Amino acid sequence: MRFLPLSLFLISLSLGQVAGPTLQTPSNGATDIDPTSSITLNWSNVTNVGYYELHVEDNSSFSNPDIDENVSPSIYYISANTLNYSTTYYWRVRGHHTSGPWNGWPTLWSDTYSFTTASELDITPPDLPTGLTATPGDTQISLTWTANTESDLASYKVYGGTSAGPTTLLSTVSAGTETYIHTGLTYGTTYYYRISAVDDSGNESDKTSDVSASPIYSGPTFHVSTDGSDDNDGSEENPFASIQTAIDSSSNSDTVLVQAGTYTENINFNGKNIVVGSNMLVTSDTSYISSTIIDGNEA
């Protein structure tokens, strides 16, 4: 009988070693894998393999695996919060035969796959904005505030309404802009505002304390009517009761438009270059001249 040297037998055995499993998921090069959730690794089955040897490491040399497990069947669940954020991991698998002609021998290692975990979630909101002010204008209110300094600041949210603590979103203002103008407002109505800051991850700060203002009428035509009030703003909807109040509220080149009726007062233009007249100015109806009277015999 002729015997083969043992070394030749081992070489022959090595050359015929069974191929390793095919890795399936995660796919090779997968990204944004959430390390705070369970991560599933699976691979193909190999005939007569009773268990599989799994390596997972952040180095493709596998010199010090983070996970070195013998598992069965062909699936493994990495527990949540086991791996780090923003890290590339490498993994490989080989089977161990427990029956058949290769009983007791391992398969070759599979190809090495990699996957990269997601960046750590930002859950910290920006600082509360400061310096919010409301400045009234003609049918509008202008808001200004101090810029936040966060590098990941995305925007500001502006909330407003006619009640304190408004929750209605009026606008989202991009970072780098610290102003907002609310237009189309009603004279004599108080409007309330507050703002918040939002970062690139969508985290929103608390809302600021309220600021409030009422739009003011600024002409150029101030209205006067016998049924008006000097507490009004002089708009057509809210006329003054006295011509002098309208004059005092006006500026050069403005017009004081007086409705028909008798006004018992003395008036003083105070050096202003303005026009004071009846509705004849806007209707060309000369009857308004005689029906609009200033009675200077004020007691």
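Here are some worked exercises on a predicted model, covering its ring pairs, its sheets and its salt bridge.

**Exercise 1. Classify two aromatic pairs**

Task: Which kind of aromatic pair do Trp43 and Tyr52 form, and which kind do Trp145 and Tyr156 form?

Solution:

Step 1. Start with the rule: ring centres must lie within 6.5 Å, and planes over 60 degrees apart count as edge-to-face. By this rule the model has 8 aromatic pairs.

Step 2. Apply the rule to Trp43 and Tyr52. Their ring centres are 5.8 Å apart and their planes stand at 70 degrees, so this pair is edge-to-face. Both Trp43 and Tyr52 are buried.

Step 3. Now take Trp145 and Tyr156. The distance is 5.4 Å centre to centre, with 65 degrees between the planes, and this pair is edge-to-face.

Step 4. Place the second pair in the chain. Trp145 belongs to strand E10 (residues 140–146) and Tyr156 to strand E11 (residues 153–161), 11 residues apart, and the pair links distant parts of the chain.

Step 5. Look at the surroundings of the second pair. Buried means under 20% relative accessible area. Trp145 has 6% and is therefore buried; Tyr156 has 1%, so it is buried.

Step 6. Return to the first pair and follow its ring contacts. Trp43, Tyr52, Trp91 and Tyr113 are linked by ring pairs into a cluster.

**Exercise 2. Find charges over rings**

Task: Over which ring does Arg92 lie, and over which ring does the charged end of Lys207 sit?

Solution:

Step 1. For Arg92, the ring is that of Trp109: the arginine lies over its face, 3.9 Å from the ring centre.

Step 2. For Lys207, the ring is that of Tyr159, and the charged end sits 4.7 Å from the ring's centre.

**Exercise 3. Trace a salt bridge through paired strands**

Task: How many salt bridges does the structure hold, and which side chains meet there?

Solution:

Step 1. The count is 1 salt bridge. The side chains of Arg94 and Glu53 meet in it, at 2.8 Å from N to O.

Step 2. Assign each partner to a strand. Arg94 is in strand E7 and Glu53 in strand E4, so the salt bridge ties together parts that are 41 residues apart in sequence.

Step 3. Check how the two strands pair. Strand E4 (residues 49–57) and E7 run antiparallel and are joined by 8 bridges. Within this pairing, Glu53 has Arg94 in E7 as its bridge partner.

Step 4. Compare with the accessibility classes. Arg94, at 21% relative accessibility, counts as partly exposed, whereas Glu53, at 13%, counts as buried.

Step 5. Widen the view to strand E7 (residues 88–97). Of its 10 residues, 7 are buried, so strand E7 is largely enclosed by the rest of the structure.

Step 6. Add another neighbour. E7 also pairs with strand E8 (residues 113–117), antiparallel and over 4 bridges, and the bridge partner of Thr88 in E8 is Thr116.

**Exercise 4. Describe two open sheets**

Task: What is the strand order in the open sheet of 3 strands, and what is it in the open sheet of 4 strands?

Solution:

Step 1. The sheet of 3 strands has the order E16-E17-E19, with parallel pairing. Its edge strands, E16 (221–224) and E19 (275–278), each pair on one side only. From one strand to the next, the twist averages 20 degrees.

Step 2. Inspect one pairing inside it. Strand E17 (residues 255–258) and E19 run parallel, joined by 4 bridges; Thr255 has Val275 in E19 as its bridge partner.

Step 3. The sheet of 4 strands has the order E12-E11-E14-E15, with antiparallel pairing. Here the edge strands are E12 (169–174) and E15 (211–213), each pairing on one side only. Neighbouring strands are turned by 25 degrees against each other on average, direction ignored.

Step 4. Again inspect one pairing. Strand E14 (residues 191–199) pairs with E15 in the antiparallel sense over 3 bridges, and Tyr191 stands opposite Ala213 in E15.

**Exercise 5. Look around Thr172**

Task: Which residues does Thr172 touch, not counting residues up to four places away in sequence?

Solution:

Step 1. Locate Thr172: this residue is found in strand E12. At 43% relative accessibility, Thr172 counts as partly exposed.

Step 2. List the contacts: Ser155, Tyr156 and Lys157.

Step 3. Set sequence against space for one of these contacts. Thr172 and Tyr156 are 16 residues apart in sequence, and their C-alpha atoms are 5.7 Å apart.

Terms used: Residues numbered from 1 in each chain as written. Predicted model: local features only at pLDDT ≥ 70, side-chain atom pairs only at ≥ 80, totals over all residues. Heavy atoms only, no water. Phe/Tyr/Trp six-rings, centres within 6.5 Å; stacked < 30°, edge-to-face > 60°. Buried < 20%, exposed > 50% of the residue type's maximum accessible area, 1.4 Å probe, protein only. Lys NZ or Arg CZ within 6 Å of the ring centre and 35° of its normal. Pairing = 2+ DSSP bridges. Axes fitted to C-alpha atoms, helices over the stretch in contact; angles between N-to-C directions. Contact = heavy atoms within 4.5 Å. Salt bridge = Lys/Arg side-chain N within 4 Å of Asp/Glu carboxyl O.
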